[in-house]
Amino acid sequence: MFEEIRRRLSRIESEEDVRILYACESGSRAWGFASGNSDWDVRFIYARRPEWYLSVDLEKKRDVIELPIVDDLDVNGWDIRKALRLYRGSNPPLFEWVHSPIVYHAHTDFIARLRGGLRAYYSLKSCHYHYLSMARKNYREYLQGERVRLKKYLYVLRPLLAVMWLEQGRGRVPVEFAVLLDCLGDIRVKAEIDSLVQRKIQGDELAQGARIDVLNRFIDGELERLDRIEPPAADASEVEPLNRIFRETLIAAWA
């Protein structure tokens with residue numbers, strides 16, 4: 001599958017006339033709880049030729065490449081300008097791409113520069129509200145009945161644990177779910193989560209089942225508690241360092 005992913009990325013470069021700067025896995029495979037038939041969620045950042053950006057109608061041009069899902073492969077990418085704007089705005093999904101444990105492709109020093117500059121652009125407040133909103137939304141939509149889709153617990157718990165991680169002052173939220181569990185002190189809750197993760201990894205797609213009350217009580221309590229926390233605001237981040245990365249990467253990508 002790795003070779004197939006690389007072939008598709010190469011085909012995108014040829015058909016779209018772009019240079020892919022970085023490609024990685026996102027979603028359950030990067031988080032560490034994929035089952036054997038989980039999709040491959042490939043995300044990439046690309047650059048077009050320098051002259052493409054020197055256009056009167058630049059803002060009207062499409063800044064994403066989205067492909068239909070074929071053979072469990074979900075492949076989508078963002079233009080470098082879009083990615084850098086989101087990076088400056090402290091976008092948590094992009095930060096997860098940048099630190100994905102599964103990397104398919106890297107061209108130029110672009111991704112190394114993003115990793116190296118993360119501290120200046122990582123806003124605790126933005127990330128706090130992003131993950132808290134995601135946890136609340138998924139909880140409301142998927143885990144309120146007597147019978148629920150069990151794997152959705154993982155999609156509520158991961159963002160919830162991310163907020164707890166930030167609250168405890170541990171720094172950047174890790175991509176791997178197993179690492180996130182380090183911030184959890186309740187042994188009973190952790191045991192229930194471990195059981196769900198192992199069942200999913202071993203091939204159980206965790207379809208409908210009875211609600212897990214110990215997890216619902218934990219989620220209810222944490223959502224109520226975290227709602228009362230106001231994370232510190234960040235200073236405005238500088239744009240000029242990102243402008244340099246943009247210009248220098250375009251030159252390097254097409255040299």
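Two strands count as paired when DSSP finds at least two bridges between them. With that in hand, a good way into this predicted model is the bridge partner of Val 64, which turns out to be Trp 78 in strand 4. Strand 3 and strand 4 pair in the antiparallel sense, with three bridges holding the match. The two strands form a hairpin with six residues between them, and in this hairpin Asp 71 takes a positive phi near 55 degrees.

Zooming out, the hairpin belongs to an open sheet of five strands, laid out in the order 3-4-2-1-5 with mixed pairing. Strand 3 (64-66) and strand 5 (103-106) sit at the edges; each has a single partner strand, so one side of each goes without a neighbour in the sheet. On average, and ignoring direction, neighbouring strands of this sheet are turned by 20 degrees against each other.

What does the mix of pairings look like further in? Strands of a sheet pair through backbone hydrogen bonds, and they can do so either parallel or antiparallel. Strand 2 and strand 4 run parallel and are joined by seven bridges. Here Trp 78 shows up again, this time as the bridge partner of Ile 45. On to strand 1 (residues 19-26), which runs antiparallel to strand 2 (residues 40-47), with seven bridges joining the pair. One of the facing pairs has Arg 19 opposite Ala 47 in strand 2.

Strand 4 deserves a second look. Seven of its seven residues are buried, that is, under 20% relative accessible area, so the strand is largely enclosed by the rest of the structure. Part of the picture around strand 4 (73-79) is helix 4 (residues 80-88), which lies across strand 1, strand 2, strand 3 and strand 4 and runs at about 80 degrees to strand 4.

Helix 4 also has a helical partner. Packed helices are described by the angle between their axes and the distance between the axes. For helix 4 and helix 13 (residues 240-253), the axes come within 10 Å and cross at roughly 160 degrees. Angles over 145 degrees count as roughly antiparallel, so that is how helix 4 runs relative to helix 13. The crossing of the two helices is right-handed.

As for who touches whom, helix 4 brings Ile 80, Arg 81, Leu 84, Tyr 87 and Arg 88, while helix 13 answers with Leu 242, Ile 245, Phe 246 and Thr 249. Sorted by character, the residues of this contact come out as six nonpolar, one polar and two charged.

Technical notes. Residues are numbered from 1 along each chain as its sequence is written. This is a predicted model: local features need pLDDT of at least 70, side-chain atom pairs count only at pLDDT 80 or more; totals for chains, interfaces and linings use all residues. Side-chain values use heavy atoms; hydrogens and water are left out. Helices (H or I, at least four residues) and strands (E, at least two) are DSSP runs, numbered from the N terminus. Axes are lines fitted to C-alpha atoms, for helices over the stretch in contact, and angles run from 0 to 180 degrees between N-to-C directions. Contact means heavy atoms within 4.5 Å. Angles under 35 degrees count as roughly parallel, over 145 as roughly antiparallel, 65 to 115 as roughly perpendicular and the rest as oblique. A crossing is left-handed if the near helix is turned anticlockwise from the far one by less than a right angle, and right-handed if clockwise. Ala, Val, Leu, Ile, Met, Phe, Trp, Tyr, Cys and Pro count as nonpolar, Asp, Glu, Lys and Arg as charged, and the others, Gly among them, as polar. Buried means under 20% relative accessible area, exposed over 50%, partly exposed in between (1.4 Å probe, protein chains only).
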